[in-house]
Amino acid sequence: MDVSRKLQDAGMRITRQRVELAQLLFGNGDRHFTADALYDEAMGYKIPVSLATVYNTLQQFVSAGLIRKLGIEGQRSWYDTNISEHHHLFFEDENYIDDIDDASISIGKLPAVPEGMVISRVEIVVRLKRQGT
């Protein structure tokens, strides 16, 4: 995948750090990750980037529509390279996220929204933990 083209198509300025982080994110299919995990991965590949730069770059990627920020954990932000509408399983004990197969979930009724508002997206997160914990 030509990540430089992907960044350009999203209207982003090409920088070495953005390209290197994009290669980690988009090089092997869709994935869920935290900024800290991406930073650790970058360090493992000897990519010279600060944690602050990772956070800033991820926010820029979200703003450009390249990735989604997920509302899963309170203080920890999770991200998803799959930007299509879909739902998630969150395995609390393993601190792991997986996609829910669209065929296995249905939404029967949505609430009325205030005047002048529209629903932009519905995201369901099913939180799982091992029995007895």
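**Exercise 1. Determine the strand order of the three-stranded sheet and say which strands stand at its edges.**

Solution. This is a predicted model: local features need pLDDT of at least 70, side-chain atom pairs count only at pLDDT 80 or more, and totals for chains, interfaces and linings use all residues. Residues are numbered from 1 along each chain as its sequence is written, and side-chain values use heavy atoms, with hydrogens and water left out.

Step 1. Fix the terms. Helices (H or I, at least four residues) and strands (E, at least two) are DSSP runs, numbered from the N terminus. Two strands pair if DSSP finds at least two bridges between them.

Step 2. Read the order. The open sheet runs E1-E3-E2, with antiparallel pairing.

Step 3. Find the edges. E1 (32-34) and E2 (68-70) each have a single partner strand, so one side of each lacks a neighbour in the sheet.

Step 4. Take the twist. Neighbouring strands are turned by 35 degrees against each other on average, direction ignored. Axes here are lines fitted to C-alpha atoms, for helices over the stretch in contact; angles run from 0 to 180 degrees between N-to-C directions.

Step 5. Check one pair. E1 and E3 (residues 78-80) are antiparallel over 3 bridges. Within this pair, His 32 stands opposite Asp 80 in E3.

**Exercise 2. Identify which strands helix H3 touches, and at what angle to E1 it runs.**

Solution. Step 1. Define contact: heavy atoms within 4.5 Å.

Step 2. Apply it. Helix H3 (residues 35-44) packs on the sheet and touches E1 and E3. The direction of H3 makes about 85 degrees with that of E1.

Step 3. Look at one residue of H3. Ala 37 lies in this helix. Its relative accessible area is 35%, so Ala 37 is partly exposed. The classes are buried (under 20% relative accessible area), exposed (over 50%) and partly exposed in between, with a 1.4 Å probe and protein chains only.

Step 4. Relate sequence to space. Ala 37 and Trp 78 are 41 residues apart in sequence, but 9.8 Å apart C-alpha to C-alpha.

**Exercise 3. Describe the largest nonpolar core and name the helices that supply it.**

Solution. Step 1. Define the core: buried Ala, Val, Leu, Ile, Met, Phe, Trp, Tyr and Cys residues joined through side-chain atoms within 4.5 Å.

Step 2. Count. The largest core has 21 residues; Leu 38, Leu 58 and Phe 61 have the most contacts inside it.

Step 3. Assign the sources. H1, H2, H3 and H4 each give at least two residues. H2 gives the largest share, 6 residues.

Step 4. Locate the other core. Apart from the largest one lies a core of 5 residues, among them Leu 70, Ile 72, Trp 78 and Ile 97.

Step 5. Inspect H2 (residues 16-26). Its buried residues are Arg 18, Val 19, Leu 21, Ala 22, Leu 24, Leu 25 and Phe 26. Their cover includes H1 (3-9), E1, H3 and H4 (51-63).

**Exercise 4. Test the length of H4 and show how its buried residues are arranged.**

Solution. Step 1. Compute the expected span: 1.5 Å times one less than the number of residues. For the 13 residues of H4 this gives 18 Å; the end C-alpha atoms are 19 Å apart, which agrees.

Step 2. List the buried residues of H4: Val 54, Thr 57, Leu 58 and Phe 61.

Step 3. Look down the axis. The buried residues fall within an arc of 100 degrees, so they line one face of H4. The arc is that of the directions from the helix axis to the C-beta atoms.

Step 4. Name the cover. It includes H1, H2, E1, H3 and E3.

Step 5. Follow Phe 61. Beyond four places in sequence, Phe 61 touches Leu 7, Met 12, Arg 18, Ala 22, Leu 25, Leu 66 and Ile 67.

Step 6. Leave the helix. Gly 65 follows H4 and has a positive phi, near 80 degrees.

**Exercise 5. Work out how E4 and E5 are joined, then place Glu 85.**

Solution. Step 1. Pair the strands. E4 (residues 87-91) and E5 (residues 96-100) are antiparallel over 5 bridges. Leu 89 has Asp 98 in E5 as its bridge partner.

Step 2. Read the turn. The two strands form a hairpin with 4 residues between them. Asn 95 in the turn has a positive phi of about 55 degrees.

Step 3. Place Glu 85. This residue lies in the loop between E3 and E4. Glu 85 is exposed, with a relative accessible area of 53%.

Step 4. List its contacts. Leaving aside neighbours within four places in sequence, Glu 85 contacts Arg 68, Asp 102, Ser 120 and Arg 121.
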